[in-house]
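Please open the model in a viewer and keep the selection panel at hand. The tour proceeds by selection, with a short account at each stop.

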Amino acid sequence: MKSLLKYLDGYKKYLFLGPFFKLLEAVFELIIPLVTAKIIDVGIAEKDKDYIIKMSLLMILLGLAGLCFALICQYFAAKCAFGFGTALRKALYRHINSLSRTETEKLGVSTLITILTNDTNAVQTGLNMGIRLATRSPFLIIGAAVMAVSIDPVLSLIFLIAAPIIAFVIYKIMSTTIPMYKKNQNRLDRISLLTNENLEGVRVIRAFSRQEEEKAEFKKASEDFSAHSIAVGKISAFLNPVTFMIMNLAVSLIIWSGGYRVNTGNLTQGDITAFVNYMTQISLALIVLAGLIVYFNKAAAGANRIADIFSVTSSMKDGDEDITENDSPVIEFENVSFRYADAAESSVENISFSLRKGEVLGIIGGTGSGKSTIAALLPRFYDATSGSIRIYGKDIGKYKLSSVRRFIVSVPQKASVISGTIADNIRMGKPDATDSEIIKALKTAQAYEFVEKLPQGINSPVLQGGKNFSGGQKQRLTIARAVVSEPGVLILDDSTSALDMNTDYRLRKSISEDLPDTAVVMISQRATSLKNADKILVLDDGECTGFGTHDELAETSPLYKEIIDIQKAGE
């Protein structure tokens with residue numbers, strides 16, 4: 001948790017100024033009961049209207065001054081907390097993006113999103129409330145006790161007995177409810193998960209008529225959360241009645257005992273009023289402190305989870321060189337093997353091939369054969385377990401990751417577009433792309449034929465997840481996003497699966513004509529899509545079972561021949 005304090009740099013002055021002004025507010029708050037006592041003992045007792053007016057005006061001034069100091073504290077607290085929260089989120093987001101896929105997959109995307117949003121917000125809120133109340137409540141409790149003792153040490157014994165009893169009640173209730181609140185948060189996470197899954201998979205749920213089952217599961221989770229929330233609410237509901245009951249009993253004792261001391265001349269009526277006010281201040285401060293403990297517990301838990309994320313470092317080390325061209329092959333795999341973390345066996349084993357500028361490499365194989373793993377190793381999303389991957393004859397690890405991923409651009413199986421406009425999506429591949437470059441890329445990807453029909457053309461909106469486009473249209477948009485930067489290596493990881501054969505053919509023809517110097521790695525389930533590739537790599541269970549041209553493999557590779565025969569039969 002201490003590791004997060006560095007994000008307070010630039011805001012530390014507010015961390016001290018806020019509590020300072022809050023203390024001033026508390027000081028004035030402690031003076032008001034004394035002024036009230038004077039009004040009763042002097043003004044009312046002697047029927048001095050001028051004195052009453054004068055002291056009333058003083059009370060108003062004290063209240064206004066306290067309000068001003070409270071507002072100043074609020075400003076400084078917000079400045080510090082929200083500045084800290086912004087710096088923390090930026091650093092956390094930057095750190096998460098520096099992690100390799102191995103770490104992000106191990107941590108889990110949903111966990112990272114929760115930490116980046118809820119946990120950072122809890123820490124920010126805890127800091128904000130701490131600046132505003134962490135000094136005020138203890139100071140009020142101690143200050144009110146001191147003031148009460150200074151008025152009458154004997155009567156303050158009631159005061160000093162009641163305060164610990166109230167504190168004990170608060171402690172018992174808080175120690176019971178805080179763990180329950182934490183468990184309820186997990187139940188709320190379950191509801192969020194079900195909501196997300198139902199909204200994302202609404203078509204599947206309807207297709208299999210699972211609406212009633214999903215409703216029942218959601219109802220069960222909601223009722224479970226509701227029942228436990230009511231249970232913790234019932235326990236929390238005791239806090240105010242019990243504390244106020246103890247406080248009122250103490251006040252009654254103060255008034256009853258104080259009456260005797262007033263009769264003996266040891267106290268005045270104003271002193272009794274001041275005593276009651278101080279008792280009330282202590283009780284309210286204790287209740288506020290109890291609420292503050294809840295904020296601190298949430299903040300501490302969130303801070304620990306954030307610190308745990310910061311402690312995770314990327315297993316992938318960045319290089320320090322930029323890619324420069326030479327006469328060596330663009331990409332070389334030499335006896336490359338890779339095993340995912342905690343996997344029982346390797347996903348690919350002893351894969352070797354080379355690819356020169358302008359060449360096309362096709363990769364084909366059954367489900368789980370390792371095609372997408374090779375596609376992930378090429379832009380260095382993962383590091384090979386063994387073997388060597390080289391770009392222009394030099395180990396890929398020596399290059400900067402940013403340079404590698406500008407040079408090798410991948411279009412994944414699942415077409416992913418962002419909300420915004422079509423132009424915004426294409427410019428992800430090249431931020432400074434002109435409209436003419438965007439249109440050219442769309443034409444290469446065979447996407448301009450539907451984009452030009454839209455009312456706003458390339459400035460047409462893209463809804464979240466691209467829900468206003470079909471699967472094939474989204475695939476073509478993601479291909480356009482990749483080709484706009486004219487990369488050195490273009491990977492099409494089964495990213496034409498939603499295209500008809502005619503569009504697929506035209507796409508491959510356009511890429512070869514418009515990007516003549518780009519080496520293309522085309523992964524496909526269709527043998528016809530790879531027929532004209534310079535070389536085809538046939539994979540089976542992570543191993544290379546064939547490597548050559550279409551005609552060569554049709555004669556020498558039983559697996560490739562089987563794929564061709566099955567697809568011909570299907571056609």
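**Cysteines**

Begin by selecting Cys 68 and Cys 73: the sulfur of Cys 68 lies 13 Å from that of Cys 73, its closest cysteine sulfur, which is too far for a bond. The model is a predicted one. A disulfide would require the two sulfur atoms to be within 2.5 Å, and by this rule the count comes to zero disulfides. Next, colour by accessibility. Cys 68 is partly exposed, at 43% relative accessibility. Cys 544 also counts as partly exposed, with a relative accessible area of 35%.

**The nonpolar patch**

Now select Leu 64, which is placed in helix α2, spanning residues 49-98. How exposed is Leu 64? Its relative accessible area is 46%, so Leu 64 is classed as partly exposed. Extend the selection to Ile 53, Leu 57, Ile 60, Leu 61, Leu 67 and Leu 71, and display the surface: together with Leu 64, these residues make a nonpolar surface patch of about 700 Å².

**The β11-β12 hairpin**

Move to residues 535-540, strand β11, and residues 543-548, strand β12. In which sense do β11 and β12 pair? The pairing is antiparallel and extends over five bridges. To inspect one of the bridges, select Ile 536, whose partner in β12 is Gly 548. Finish at the turn: two residues lie between the strands of this hairpin, and Asp 541 adopts a positive phi near 55° there.

Definitions and conventions
Residues are numbered from 1 along each chain as its sequence is written. This is a predicted model: local features need pLDDT of at least 70, side-chain atom pairs count only at pLDDT 80 or more; totals for chains, interfaces and linings use all residues. Side-chain values use heavy atoms; hydrogens and water are left out. Patches are made of residues with over 30% relative accessible area and no salt bridge: like charges are joined within 9 Å, nonpolar side chains (Val, Leu, Ile, Met, Phe, Trp, Tyr) within 5 Å. Accessible areas come from the Shrake-Rupley method with a 1.4 Å probe; for residues, only the protein chains shown count as cover. A salt bridge is a side-chain nitrogen of Lys or Arg within 4 Å of a carboxyl oxygen of Asp or Glu. Helices (H or I, at least four residues) and strands (E, at least two) are DSSP runs, numbered from the N terminus. Buried means under 20% relative accessible area, exposed over 50%, partly exposed in between (1.4 Å probe, protein chains only). Two strands pair if DSSP finds at least two bridges between them.
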